[in-house]
Amino acid sequence: MNRNPQLNKHGELQHLLTTEGLPVSILLHILDTAESFAGVTEREVKKIPLLRGKSVFNLFFESSTRTRTTFEIAAKRLSADVINLNIAVSAQSKGETLLDTVNNLSAMHADMFVVRHSQSGAAHMMASHVRPDIHVINAGDGRHAHPTQALLDMFTIRRYKKDFHNLRVAIVGDILHSRVARSQIHALTTLGVPEVRVIAPKTLLPSRVERLGVHIYHDITQGMKDIDVIIMLRLQNERMLGASLPSTEEYFKYYGLTQEKLTLAKQDAIVMHPGPMNRGVEIDSAVADGKQSVILPQVTFGIAVRMAVMSILAGN
Amino acid sequence: MQLPDAEKLLADLTEQLRPVVDERIAMIGIHTGGAWVAKRLHQALGCSIPLGVLDISFYRDDYSKIGLHPQVRPSDLPFEIEGSHIILVDDVLYTGRTIRAAVNEIFDYGRPASIHLATLIDRGGRELPIAAQYTGVVLSLPADKMLELKQDTDGKLSLSLRDIRFPEK
C-alpha cells in the first residue's frame, strides 16, 4: 500500500504524523491558517468555538512541558475538552499495551489523540489502528518525527524572513538523535529552501544524512557563512548511549553557539532552538537572550500552529 | 433573469446610510464580498474610525460538515469593540447564518453598544431571526441559485447568478 497514511481518500490531512511526504499545499495551508489564529491571542475572549464538544486526549508517554502545555492551550482555545493522561502512573505502568490503552480511550469517545512516545512509529501504529473518525497528532516519536515543532519553526522562519526561496538554513548539533531535525529538513526542502546545512561532529550525524538533501559541515566556522537561519539542537544526554563526545565542555568549544561564531553568519540571521535549552552546552546565554534570538516567539507561535493543525484535522 | 446593477445598489445603500453615519460609527465588512462593499461605503461616507474586516470561517456552523475553509484570512478589527456602534456590512443576506457567526465573533472582542446590518441584497430565505436595517434591494431567488458579488480589476462591483448544482467554471 503506497497511500500516505496521513491523508484520507480525498487527499486531505487525516492524521499529522510526519512532515515527510506532505505536499507543499498542505504545509502552506497549515501556516496560513495559523496566521489567522495568531490574532486570536490578542482578543478579549481568546476562544473560538470550532472544536466545541470534542475531546482531545493528550497522551504523553515521555515527559514534556512545552509541547504538552501548548497543545493543551491550543485545544482549549478551540473550545475542546482536554484530558491529560499521566502515563507514568496509569495503566501502562501496570502492563497494558499501547493499543489497549488506545482502545479504552476510544471507548470514552475521544475525537483526537496527541501522542508522544519514545518508540519511533508509535503514532503511526495508533493512526492505523483507530476508528476512521479519530485523528492522531504525533507530538514526537523516538528519533523519528516531531511535525508540529517543525511546522512552528517554519511559521517562525516565514514571519521573520517572509519567503523560503532564497534562504540558507543551518541546523546545528545532535542531528542523530533529533526527531525535530528530521521533521525540519523535510519541511524546509518541501517549502523550497534551496540550501539546508547540517553542522555536527561525525558521531552526531546519521549515516547517509546527505540523502535527505542537506549539505554536511563538521566545522561550524565554515558552516555559518551566509546563513539566514540558525537552528540549534539540544544535546540529548538522555538518548546518548555510548561515548559520542569527549565532554560537554569540549562540545561547547567546537559547536556551542557563541556571539563570536554568530557573527560569521549573515548580520540579520535569526537564532532558533526548539527547547529545552542547555545553556553553556549548545548555546551561550548571551546568544540565547540576545537580539537575534527568536526562541521565545517560537513558543508563542506554537500555540497558533497547533490550533491550525487541530482545526484542519477535525474538519476533515 | 435580469440582475440589478451592483454599483447602483451601492449608491442607494450609501444614501440610506448617510443620515445615520457620524464619527462614532464603526464599520465592519464580512470577507470577501461584504468587505468590498464596506470599503466603498466607508470611503464614500468619510467614516473616521478605521474599517474592520471579519473572516467568519472559525465561527461557521457547517464546520463539522464541510471542514475548515481552505483560505482563512485573519480578522482585523482595528478599534475598540467595547461600547462601539457598529454597522455590519455584507453583500448578500440569505439564511442569516453568516450574520449569526459574525455577531458571535464580534462579541468575542468585546460588548458593542449596538450592531446594525447593511446588505447590498436581501434575497429572502432566512433560517434565523435576523433582519437588515439597510438594504439595496430585496429579491426573491430560487434556492438552487447562488448569487455572487464580483469585483473587477478596477474595483467595479457586479452581480452574477449561478446554478449551485454545477461547479464554477
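This tour goes through a predicted model, from the domains of chain A to two sheets, the annotated positions and the contact with chain B.

**Domains of chain A**

Start by colouring chain A by domain. Select residues 24–146 together with 299–315 for domain 1, and residues 148–293 for domain 2. The C-alpha centres of domain 1 and domain 2 of chain A are 26 Å apart.

Next, show the contact between the two domains. On the domain 1 side of chain A, 20 residues take part, and they touch 18 residues of domain 2 of chain A. To find the elements involved on the domain 1 side, select α1 (24–38), β4 (135–141) and α11 (295–315) of chain A; each of them supplies at least two residues of the side that touches domain 2. By class, this side of domain 1 of chain A holds 11 nonpolar, five polar and four charged residues.

**The four-stranded sheet**

Now show the strands β1 to β4 of chain A as a cartoon. The sheet is open, its four strands follow the order β2-β1-β3-β4 (chain A), and the pairing is parallel. β2 (81–86) and β4 of chain A each have a single partner strand, so one side of each lacks a neighbour in the sheet. From one strand to the next, the twist averages 15 degrees.

Zoom in on β1 (residues 55–60) of chain A, which runs parallel to β2(A) and is joined to it by six bridges. Select Phe57(A) and look across to β2(A): the residue opposite is Ile83(A).

**Strand β8 and its partners**

Move to residues 229–232 of chain A, which make up strand β8, and turn on the side chains. Val229(A) and Ile231(A) point one way, Ile230(A) and Met232(A) point the other way, and all are buried.

Add β5 (residues 168–172) of chain A, which pairs with β8(A) in the parallel sense over four bridges. Then add β9 (residues 270–272) of chain A, which is parallel to β8(A) and joined to it by three bridges. Which residues pair with Ile231(A) in these strands? Ile171(A) stands opposite Ile231(A), and in β9(A) the bridge partner of Ile231(A) is Met272(A).

**Annotated positions**

Select Lys94(A), Arg179(A) and Arg234(A), where an unreviewed UniProt entry places the feature "binding site". They span 141 residues in sequence, and the farthest two C-alpha atoms are 31.9 Å apart, so the positions do not all gather at one spot.

Centre on Arg179(A), which is in helix α6 (residues 179–190) of chain A. Arg179(A) is buried, having 23 other C-beta atoms within 10 Å. Leaving aside neighbours within four places in sequence, the contacts of Arg179(A) are Gly140(A), Asp141(A), Gly142(A), Arg143(A), His144(A), Ala145(A) and His146(A).

Go on to Arg234(A), in the loop between β8 and α8 (248–255) of chain A. Is Arg234(A) buried or exposed? Arg234(A) counts as buried, with 20 C-beta neighbours inside 10 Å, and 20 is where the buried class begins. With neighbours within four places in sequence again left aside, Arg234(A) is in contact with Asp174(A), Pro276(A), Met277(A), Asn278(A) and Glu282(A).

**Chain B**

Finish by displaying chain B beside chain A. Here 14 residues of chain B are in contact with 17 residues of chain A. The side of chain B that touches chain A divides into eight nonpolar, three polar and three charged residues.

Conventions. Residues numbered from 1 in each chain as written. Chains lettered and ligands numbered in written order. Predicted model: local features only at pLDDT ≥ 70, side-chain atom pairs only at ≥ 80, totals over all residues. Buried ≥ 20, exposed ≤ 12 C-beta atoms within 10 Å, placed from the backbone. Pairing = 2+ DSSP bridges. Domains from an automatic or database assignment. Contact = placed C-beta atoms within 7 Å. Nonpolar A, V, L, I, M, F, W, Y, C, P; charged D, E, K, R; others polar. Axes fitted to C-alpha atoms, helices over the stretch in contact; angles between N-to-C directions. UniProt positions renumbered as here; feature names shortened; annotations may be inferred.
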